[in-house]
Amino acid sequence: MTTVAARPTGSASGQPAHGRRKQRRWTRAILPTYSWLVIAYLVFPIAIMIVYSFNQVTTGLPQVSFAWNGFTTRWYQQWNGIPQLTSSFWLSIQLALATTVLAGVVGTLLALALVRYRPPRFRGKAAFEQTLFLNIAAPEIVLGASLLGLFVTLNVARGFLTLLISHVAFSIAYVAVTVRARMAGFDRSLEEAAQDLGANAWTTFRKITFPIILPGIMAGGLMAFAISIDDFVTSNFVSGPQVPFPVWVYGATRIGIPPQVFVFGTAIFTVGILCALASVIMSRRHRPA
Amino acid sequence: MEQPVLADHPGRVGSRRPRARFGKALAPYLLSLPAGLWLLILFLIPLVVMLSLSLQTCNNATGACVMTWHWGEFWQQLSLYHGQFLNSFYYAGAATIIDLLISFPIAYWIAFYGGNKKNFFLLMLLVPFFVSFIIRTVVWQFILSDQGIILGGLKNAHLLPQSFHVLATGYAVVAGLAYNYLPFTALPLYVAIERIDRRILDAAYDLYATKRDAFLRIILPLTVPGLFAAFLLTFIPQLGDYVNQQVLGGTSNTMIGTVIQNAFLVNLDYAGGSALSAILLAIALIGIFAYSRLLGSRAIEDFL
């Protein structure tokens, strides 16, 4: 690999004790074998989910049974056989998209403020950082319960709007932190060059700053989407009669999971993993040789 | 600083209109205003409301609450539910230790031997997140069920007695917690190990350190911040988790999250639920505070 050739010291130090001592073969295999076992452990339940989405149901009830009853693609053909499940899924998608846009904008603006300004010009920066830290580290059940307490105290009817503002509230910190981390190596002199060439603030932002920080914003937005679509705890507290996908599935665990849940799970997994693999491959191809 | 700060363009300051300069002074505040308001109204104020709710006395019939400064609510709730708090500590503690033990070797392996496949392996660590949290937990219910693929098979082979079960025990809860939160432990550890300057290791080997010395005296001490971050990011969410307990556990191993959820959504006991949430938050705050005292509040963000 050319990257290795470019850093002769890096490759040798990447593998400690390599060449220094001859190791016995089998000890070298321990760590890789172990790591692949952990990966297998992480993938195992997902494989089970996919397998059970093809499981036949023998009883009259629309529930996945623990026992294997034979292969069927019936649940894929009847994927929207449970109207409430399908509508809760679409609600989750809408919610996640709206959260991505709102938290993406608000969180990015905050990240810009945090990256560029320090206390003499930006008083209260430390307070912001403490708040973000607290928001990320506090147990989610406390945040969800306190939001419910607020809505009950103010007599706000629970519905899509309460879900949305709550999801944005817990996504802002993640977006801000992600975007800020991606902006750490931002070269301010590029903006200064633009301004020296006569660009005004807006043009500088549109033509220089925004394209450079766009990957960071996308990463932050993806984070918000992922957190929002999978959120159960807060959603369970603040949703009204129409519940998002995770809350519906949780409710269904009491009476038995319909096979369509696993169909949706498999579909979300497939789409997500394909996107992620594509981005891994792209990033490898675009890496400078 | 050897040269004047470039950003201020000393040559152009005089020609700038005062309004623009005023706008520049306001810029950090304008940029942070939307997030600030959002977090104030929907994060900080709710916490204050929660504290005040816990001190109010509510009429169970009408649901109307009056502020009575009823500090006794905290002791009352603690004496009622200290068992559930202890359960949460045991299960979250056990699951966090298991997660740390499982993820340290794989994080080390990816950081040192991942080569150009690092991104692929990190994706594999994150793979559980591509399936909804609730579905993952439900699948574990399937796997651990009495007649499921593991126990059912072992029972049919007469390796386990028919009465053996895992579901509805604390073990199932710990297993679910450990699986669901493993990425939260593995990623901070990976970041910490990845960040170790390899030249320090080279120097150690040049000074005839053994692999064992290098590990104990360089790698381990340098990953301490990552270990702390991993502990915090795993333990605190697990402490408040109730999904694993509800799906995989039974009635004898209730965690505090279940009690809080029931207080708010089933019994409509807002005062009691708020008091318990406040106690849980206080416990989490002790950990968060200790962390930011020792390592700074920005340090944890490096591991996200």
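How many Å separate the centres of domain 1 of chain B and domain 2 of chain B, taken over C-alpha atoms? The figure is 37 Å. Keep in mind that everything here comes from a predicted model.

## How far to trust it

Let's start with confidence. For the complex, the predictor reports an ipTM of 0.84 and a pTM of 0.85. Chain A has an average pLDDT of 85, with 90% of the residues scoring at least 70. For chain B the mean is 85, and 89% of its residues reach 70 or more.

Now for the weak spots. In chain A, residues 1-20 stay under 50 in pLDDT, and the model has 20 contacts beyond four places in sequence for that stretch. In chain B, pLDDT is under 50 over residues 1-15, a stretch with six contacts beyond four places in sequence. If you rank the elements of chain B by mean pLDDT, helix α13 (residues 297-301) of chain B comes out lowest at 62, while α6(B) comes out highest at 93.

## The two domains of chain B

The domain assignment splits chain B into domain 1 (1-54) and domain 2 (74-301). As for how they touch, four residues of domain 1 of chain B are in contact with six residues of domain 2 of chain B. On the domain 1 side of that contact, you'll find three nonpolar residues, one polar and no charged.

## Where the chains meet

Turn to the interface, and the count is 80 residues of chain B in contact with 83 residues of chain A. On the chain B side, the most comes from helix α1 (residues 18-54) of chain B, which gives 15 residues. Sorted by class, the side of chain B that touches chain A holds 59 nonpolar, 14 polar and seven charged residues.

## A helix pair in chain B

Helix α2 (residues 72-113) of chain B and helix α6 (residues 170-194) of chain B have axes that come within 6 Å and cross at roughly 40°. That angle is why α2(B) counts as oblique to α6(B). The crossing of α2(B) past α6(B) is right-handed. What lines this contact is 23 nonpolar residues, three polar and two charged. And remember that α6(B) is the element of chain B with the highest mean pLDDT.

## Helix α8 of chain A and its partners

Over in chain A, helix α8 (residues 160-183) is worth following through two pairings. Take helix α10 (residues 201-229) of chain A to begin with: the axes of α8(A) and α10(A) come within 8 Å and cross at roughly 150°. The two helices are therefore roughly antiparallel to each other, and α8(A) passes α10(A) in a right-handed crossing. From α8(A), the residues taking part include His167(A), Tyr174(A), Val175(A), Val179(A), Arg182(A) and Met183(A). Among those they meet in α10(A) are Ile213(A), Pro215(A), Gly216(A), Gly220(A), Met223(A) and Ile227(A). Put together, the contact of α8(A) with α10(A) has 11 nonpolar residues, six polar and one charged.

The other partner is helix α5 (residues 83-116) of chain A, whose axis comes within 6 Å of that of α8(A), with a crossing angle of roughly 45°. So α5(A) is oblique to α8(A). Here too the crossing is right-handed, with α5(A) passing α8(A). By class, the residues of the contact of α5(A) with α8(A) come to 17 nonpolar, six polar and one charged.

Notes: Residues are numbered from 1 along each chain as its sequence is written. Chains are lettered from A and ligands numbered from 1 in the order in which they are written. This is a predicted model: local features need pLDDT of at least 70, side-chain atom pairs count only at pLDDT 80 or more; totals for chains, interfaces and linings use all residues. Domain bounds come from an automatic or database domain assignment. Two residues are in contact if their C-beta atoms, placed from the backbone, lie within 7 Å. Ala, Val, Leu, Ile, Met, Phe, Trp, Tyr, Cys and Pro count as nonpolar, Asp, Glu, Lys and Arg as charged, and the others, Gly among them, as polar. Helices (H or I, at least four residues) and strands (E, at least two) are DSSP runs, numbered from the N terminus. pLDDT is the predictor's confidence in each residue, from 0 to 100. Axes are lines fitted to C-alpha atoms, for helices over the stretch in contact, and angles run from 0 to 180 degrees between N-to-C directions. Angles under 35 degrees count as roughly parallel, over 145 as roughly antiparallel, 65 to 115 as roughly perpendicular and the rest as oblique. A crossing is left-handed if the near helix is turned anticlockwise from the far one by less than a right angle, and right-handed if clockwise.
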